[in-house]
Every structure is written in C-alpha cells, then in structure tokens.
Amino acid sequence: MTEDQKHQMDPGLTGGAAVPDDERRWAELADLVLIISREIQFRGYTDERAIPLSPSEGMVMRHLQNEPAAPPSRMAAATGLQRTNLSTVLRSLEQKGLIERRADPGDGRGVTVHTTELGRTNYALVRREWAAAVASAAGHDTANLDATLALLAAMENGLTRSRPQNRARRPATRQ
C-alpha cells in the first residue's frame, strides 16, 4: 500500500486534512458507538415493568452489578461522576426503589449503597431488552460478536484507566 493509500480525506477529523486510515476508522468506531448508545436509549422499553434510567443512573446501576455494596466515594471514582451529581443520582434511584443506603458495618459514620431486588430485576429486564434490540439490528449475526465484545471491553477498560482525574476539561456531552 502506498503512503497516499494510507491516508484518506475525513473533514470531520482535521478540517479536511489528510488523516491516516487507522485514525479515520477509530473515529468512525467512536461515532458508531455513540450513535448506537443513543439509539438504544431512544427506543425505550417494550416491557411496561421496565423502569427507565438516565445515562448516569444506568452507570451507577451497572457499577452496582459488579460491586453490590459500594461506598459513594468508590462509586464516584468508578463511574466518573462528581460527588454532588452522584448524590442526586442516588436520591433518584432510591426514590425509584432500585437502591438503598445502609450504614457501613465497618464504619458507622459512612454508608454503602446496595441494589434492591427491584433494582436487580430491573437491570436484568432492561439488559434483555437491549440484547433483543441489538441482536435484531445485527440480524442475529454472531460471527464477530466475541471479537467485538473483546475490543469494546478493552476500549472501555483503557478509557476508564486513562480518565482525567480532574474535571478541568469540558465533557464531550452533557448528561
């Protein structure tokens, strides 16, 4: 492949300048991930028992699936939410009956956040709906599913690990 073939025009990346093909493809992947995420959220749920969640509420519930009893400080660090925003999200999830706060058994001054049975049931229900939606959209083609899952998991892990510790940078989107 010649050097010219390695570069393609992509005005969305550098204002019309030549961009290496790999960079263009990574940008395309990022665009698609954002679009797919929005489409999943946009469609809502067919099961009337499903309790809709905001993106921030979904991040907290997702975290609680892996750490069923988490202190808010660890949840904020894991989800990238600011403590004040996390407090608002926790209050909303509590009002929906999806989580509960309990006194920390190791330190009576602190609290840990736990999913309720409704929270666990709701999370499983919405994941089934997401699975059905994306499987249908992909024509139930599983040929590249494992490789896709591995790549997306590596990307999520890398992005989480390299997340800026301070919030001085503007976020890409507002939640």
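In the predicted model, the loop between α7 and α8 (145-161) contains H140, a residue that adopts a positive phi of about 60° although it is not a glycine. With a relative accessible area of 57%, H140 lies over the 50% cut-off and is therefore classed as exposed. A glycine also falls just after α7, where G139 takes a positive phi of about 65°.

The helix that leads into this loop, α7, comprises residues 117-137. Its 21 residues should span 30 Å at 1.5 Å a residue, and the C-alpha atoms at its ends are indeed 30 Å apart, so that the expected and computed values agree. The buried residues of α7 are G119, N122, Y123, L125, V126, E129 and A133. Because the arc that they cover around the axis is only 165°, these residues are placed on the same side of α7. The partners against which the buried residues of α7 pack are α3 (21-43) and α4, whereas E117 and R128, on the other side of the helix, are exposed.

One aromatic pair is present in the structure, and it is formed by Y123 and W130, whose rings lie 6.2 Å apart from centre to centre, with 90° between their planes, in an edge-to-face arrangement. The two partners fall into separate classes of accessibility: Y123 has a relative accessibility of 8% and so counts as buried, while W130, at 23%, counts as partly exposed. Y123 is also listed among the buried residues of α7.

Helix α6, spanning residues 83-95, has 13 residues and extends 18 Å from its first C-alpha to its last, close to the 18 Å expected at 1.5 Å a residue. Its buried residues are L86, V89, L90 and L93. These residues cover an arc of only 100° around the axis, and they therefore sit on the same side of α6. The cover over the buried residues of α6 includes both helices and strands, namely α4 (55-66), α5 (72-79), β4 (99-104) and β5 (107-115). Exposed residues T84 and Q95 are carried on the face of α6 that is turned away from its buried side. Just after this helix, G97 takes a positive phi of about 80°.

Two of the strands that help to cover α6, β4 and β5, also belong to an open sheet of three strands, in which the order is β3-β5-β4 and the pairing is antiparallel. Since β3 (69-70) and β4 stand at the edges, each with a single partner strand, one side of each is left without a neighbour in the sheet. The antiparallel strands β4 and β5 are joined by six bridges, and a hairpin connects β4 to β5 through two residues. Among the facing positions, R102 stands opposite T112 in β5, and E100 stands opposite H114 in β5. On the other pairing of the sheet, β3 and β5 are related in the antiparallel sense over two bridges, and the bridge partner of A70 in β5 is V113.

Taken over its whole length, the protein chain has eight helices and five strands, which follow one another along the sequence in the pattern α-β-α-β-α-α-β-α-α-β-β-α-α. Of the 175 residues in the protein chain, 24% are buried. When contacts with a separation of 6 or more are considered, 47% of them are accounted for by residues 24 or more positions apart. The protein chain exposes about 12,400 Å², and carbon and sulfur atoms supply 54% of this area.

Considered side by side, the two helices described above each present a buried side and exposed residues away from it. In α6, the buried side is formed by L86, V89, L90 and L93, with T84 and Q95 exposed on the face turned away. In α7, residues such as L125 and V126 are among those buried, and E117 and R128 are exposed on the other side. Helix α4 appears in both settings, as it is included in the cover over the buried residues of α6 and is also packed against by the buried residues of α7.

Note on methods
Residues numbered from 1 in each chain as written. Predicted model: local features only at pLDDT ≥ 70, side-chain atom pairs only at ≥ 80, totals over all residues. Heavy atoms only, no water. Helix = DSSP H or I, 4+ residues; strand = E, 2+ residues; numbered from the N terminus. Expected span 1.5 Å × (residues − 1). Buried < 20%, exposed > 50% of the residue type's maximum accessible area, 1.4 Å probe, protein only. Arc of directions from axis to C-beta. Contact = heavy atoms within 4.5 Å. Pairing = 2+ DSSP bridges. Areas by Shrake-Rupley, 256 points an atom, 1.4 Å probe, with all protein chains shown as cover. Phe/Tyr/Trp six-rings, centres within 6.5 Å; stacked < 30°, edge-to-face > 60°.
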